[in-house]
Amino acid sequence: MTTPANDASKGPRDTMTGTVPSGGGVAPERNPSVATRERRTAAISPSGETPYLVVEDLTVQFPTADGLVSAVNGLSYSVPLGRTLAIVGESGSGKSVSSMAVMGLHDPKRTRISGSIKLGGDELVGLSENELMKIRGDAVAMVFQDPQSSLHPLYTVGNQISEAYRVHHKVTKEVAKKRALEMLDLVGIPNPIRRFKQYPHEFSGGMRQRAMIAMGLVNDPKLVIADEPTTALDVTVQAQILDLLNNLQKEFGSAIVLITHDLGVVAEMADDVLVMYAGRCVEYGTAEDVLARPRMPYTWGLLESIPTVSAANERLRPIKGLPPSLLALPSGCSFNPRCPYADRVKGERCTTDLPELLPVDGAGAHTSRCHLHDKASIYEAEVAPRLG
Amino acid sequence: MLYFVARRLFSALSVVLATLIVTFALFFIAPTDPAAAICGERNCTQERYNDIKENLHLDRPKVQQFAEYTAGIFVGRTFETSGVVQDCKAPCLGFSFKSNRPVTEMLSSRIPVTVSLVAGYSVLVLTIGVFVGSMAAKRRGTTADRVLMSSTLVLSSIPYYIVALMISLYLTILYPILPRGGYTPFTESPGKWFLGLLTPWLVLGIYSCTQYARYSRGSMVETLSEDYIRTARAKGLSDRVVTYKHALRSGLIPVVTIFGLDIAGSLGGAIFTERIFDLPGLGNLVLSSLTTYDLPVIMGVVLVSSVILVTMNFIVDVAYSVIDPRVRLS
């Protein structure tokens with residue numbers, strides 16, 4: 001909540017003409033038919049700024065021997081430069097799969113992708129492997145979860161960083177090495193010259209993740225996708241890595257998509273939050289909206305399951321049940337078998353109709369997918385007191 | 001790195017020394033009588049037998065014999081039979097009384113043949129075998145992959161010598177598509193050396209290539225699903241660089257391990273191949289020496305083979321440490 005861009009969040013949300021941030025993301029020019037304008041509205045960042053990354057109606061499916069797995073279903077979001085979007089959800093909710101699709105990392109032979117992913121106005125869905133290669137690591141970079149397994153164990157760290165630079169820049173090894181040393185220094189690795197020649201197994205966990213970030217940012221990407229960047233790290237190191245990401249974002253002005261299941265990380269990092277459940281977006285809004293005024297029972301469950309210091313003697317409140325199989329999603333709302341509030345909706349709507357992603361207060365950018373009509377009062381009366 | 005190489009070299013030398021002791025023990029301590037073997041079955045009078053025993057110091061303590069044998073390797077020695085003194089220069093591996101020549105001399109012309117054969121074999125399996133396996137891994141699940149892998153399975157189920165004999169018969173004699181096997185020293189004519197060994201290499205190599213293709217396929221399938229391969233792709237590297245640089249380097253590790261274990265087997269395969277193509281290598285020599293009980297030659301071949309084996313293993317170890325830097329540090 002520290003970036004000035006946040007102030008724009010109160011502004012009108014039904015227009016594309018927000019302030020253009022320093023990086024210069026350009027709004028896509030399209031035929032402004034009513035239908036597209038409506039769909040585009042859903043994809044506008046909750047801040048109302050011109051987004052750099054626009055994902056619209058993204059669906060990712062994997063044909064398997066057991067049937068078609070719909071890992072991501074009709075997902076729409078957008079991220080302007082300089083802002084951080086956190087995608088939150090359980091394992092298997094489709095958060096990683098959707099960002100792998102942004103990177104074009106899915107095997108086209110085994111994956112069906114539909115919808116639209118626009119990066120600075122250019123469509124990525126349907127691009128050939130060769131065209132995607134030019135974008136990967138250059139305009140979009142990814143910081144992976146477990147630096148232990150995500151760095152090649154047999155190449156020196158320096159080698160891997162300079163390689164990432166040389167893929168997109170025609171420079172000599174010396175120039176790339178200089179750049180890599182610069183990056184190692186930038187991400188706070190002491191003694192870069194010695195570290196350059198070391199292998200990942202000679203690094204500590206936090207240092208490895210720093211090296212991973214250095215590798216991701218070596219080409220000055222406009223969009224950084226951080227896939228659970230702190231999950232494999234100690235708590236103390238986690239905070240350092242998050243600080244680092246925050247500072248680098250301020251310096252480079254890039255857009256960040258942060259994938260996490262840790263709401264603590266979300267509170268610290270995110271400007272906007274998108275909650276995913278079973279491949280669908282169930283709640284989307286600014287971090288303040290989603291964390292302080294959540295309007296979807298699944299988000300309530302996530303918030304309630306965080307252990308708090310004041311409630312040290314209480315048992316944890318997990319969300320009961322398991323996420324559904326993506327092969328056989330429950331009819332209606334995917335969350336209905338686990339939803340403690342489903343009986344408050346009249347009739348069988350929760351089990352028959354998939355709720356639309358609608359603005360929570362009739363208008364505005366904070367949207368949620370739930371049939372409950374008195375979400376605000378239920379939250380204030382029942383959920384908020386439990387959160388302490 | 002230097003320390004690693006020195007340590008490996010030391011352990012290699014100790015293996016050679018152990019082989020020396022064991023082979024010596026096998027032939028001289030075991031209940032075979034070298035003197036009787038040299039004397040022959042016919043015309044062996046007691047007098048001649050004793051003569052041989054005394055001249056070759058076979059009546060002396062075993063330890064002393066061993067010391068003389070070992071010393072011979074480094075400084076040379078002389079053998080005296082029936083009043084004729086035979087000089088055996090260092091490295092002396094004994095004297096073959098069957099053919100009246102020092103063993104070293106008999107071996108020296110044959111070592112290059114076997115080494116050429118095994119070296120060519122190694123190059124074949126480590127290039128074609130690994131390449132085919134990697135291609136199959138990259139296209140796993142496709143028809144090409146299945147055809148490739150099932151055909152290698154069929155081929156490797158047929159005993160080696162049958163494949164070798166059939167190829168030799170059909171492709172070099174009945175339908176001479178491939179050049180006839182034969183050996184010309186490399187120093188004499190590299191072209192003839194290559195052509196003469198081409199068929200033996202193919203026969204010995206293609207067969208193992210099928211197995212190496214399967215090993216490397218398995219190893220590469222596993223490596224290609226590693227997180228760091230995804231990272232490499234996320235950097236924007238091309239599929240080719242990802243497969244043949246990032247994945248292959250890790251994928252090679254188990255293959256090199258198997259190769260190290262397999263070298264002894266390839267020396268055994270070389271014996272068949274030399275026999276089938278009539279190449280004057282160590283394998284042929286040891287087969288003929290076995291039929292004539294030429295003990296010093298057999299001993300020499302065993303010792304030299306062990307040195308070849310240990311050398312190859314040493315190379316594998318060093319290659320291993322080049323591929324995987326973690327090996328050096330542990």
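Modeller: Two strands are said to pair if DSSP finds at least two bridges between them. In this predicted model, that criterion underlies an open sheet of eight strands in chain A, whose order is β6-β7-β8-β3-β9-β10-β12-β11 and whose pairing is mixed.

Biologist: What makes β6 and β11 of chain A the edge strands of the sheet?

Modeller: Each of the two, β6 and β11 (358-359) of chain A, pairs on one side only.

Biologist: How do you know that β6(A) and β7(A) are paired, and in which direction do they run?

Modeller: Four bridges join β6(A) to strand β7 (residues 223-227) of chain A, and since the definition asks for at least two, the strands count as paired. They run parallel, and the bridge partner of A:V140 in β7(A) is A:L223.

Biologist: And how many bridges join β9(A) to β10(A)?

Modeller: Six bridges join strand β9 (residues 272-277) of chain A to strand β10 (residues 280-286) of chain A, so this pair also meets the requirement of at least two. Here the strands run antiparallel, and A:V275 has A:E283 as its bridge partner in β10(A).

Biologist: Which helices pack on the sheet, and which strands do they touch?

Modeller: Helix α8 (residues 205-217) of chain A touches β6 and β7 of chain A, and its direction makes about 170° with that of β6(A). Helix α12(A) touches β3 (84-88), β9 and β10 of chain A, with a direction that makes about 105° with that of β9(A).

Biologist: Which way do the residues of β6(A) point?

Modeller: A:V140 and A:M142 point one way from strand β6 (residues 140-143) of chain A, whereas A:A141 and A:V143 point the other way, and all are buried. In a regular strand the side chains alternate between the two faces of the sheet.

Biologist: Why is A:S334 called buried?

Modeller: A:S334 has 24 other C-beta atoms within 10 Å, and because the cut-off for a buried residue is 20 or more, A:S334 is classed as buried. A:S334 is found in the loop between α12 (297-304) and α13 (349-352) of chain A. Leaving aside residues up to four places away in sequence, A:S334 touches A:Y277, A:A278, A:R280, A:P324 and A:L329. A:S334 and A:G279 are 55 residues apart in sequence, yet 9.3 Å apart in space, C-alpha to C-alpha.

Biologist: Why is α11(B) described as roughly antiparallel to α13(B)?

Modeller: The axes of α11(B) and helix α13 (residues 295-323) of chain B come within 10 Å and cross at roughly 180°. Angles over 145 degrees count as roughly antiparallel, which means that α11(B) is roughly antiparallel to α13(B). Among the residues making the contact are B:L252, B:V256 and B:F259 of α11(B), together with B:I308, B:M312 and B:V316 of α13(B). By class, the contact has 14 nonpolar, three polar and one charged residues.

Biologist: How many residues of chain B are in contact with chain A, and which elements of chain B supply them?

Modeller: Here 19 residues of chain B are in contact with 22 residues of chain A. On the side of chain B that touches chain A, α10 (227-234), α11 (239-277) and α14 (325-329) of chain B each supply at least two residues, and α10(B) gives the most, with seven residues. By class, that side of chain B has six nonpolar, five polar and eight charged residues.

Technical notes:
Residues are numbered from 1 along each chain as its sequence is written. Chains are lettered from A and ligands numbered from 1 in the order in which they are written. This is a predicted model: local features need pLDDT of at least 70, side-chain atom pairs count only at pLDDT 80 or more; totals for chains, interfaces and linings use all residues. Two residues are in contact if their C-beta atoms, placed from the backbone, lie within 7 Å. Ala, Val, Leu, Ile, Met, Phe, Trp, Tyr, Cys and Pro count as nonpolar, Asp, Glu, Lys and Arg as charged, and the others, Gly among them, as polar. A residue is buried if 20 or more other C-beta atoms lie within 10 Å of its own, exposed if 12 or fewer, and partly exposed in between; C-beta atoms are placed from the backbone. Axes are lines fitted to C-alpha atoms, for helices over the stretch in contact, and angles run from 0 to 180 degrees between N-to-C directions. Angles under 35 degrees count as roughly parallel, over 145 as roughly antiparallel, 65 to 115 as roughly perpendicular and the rest as oblique.
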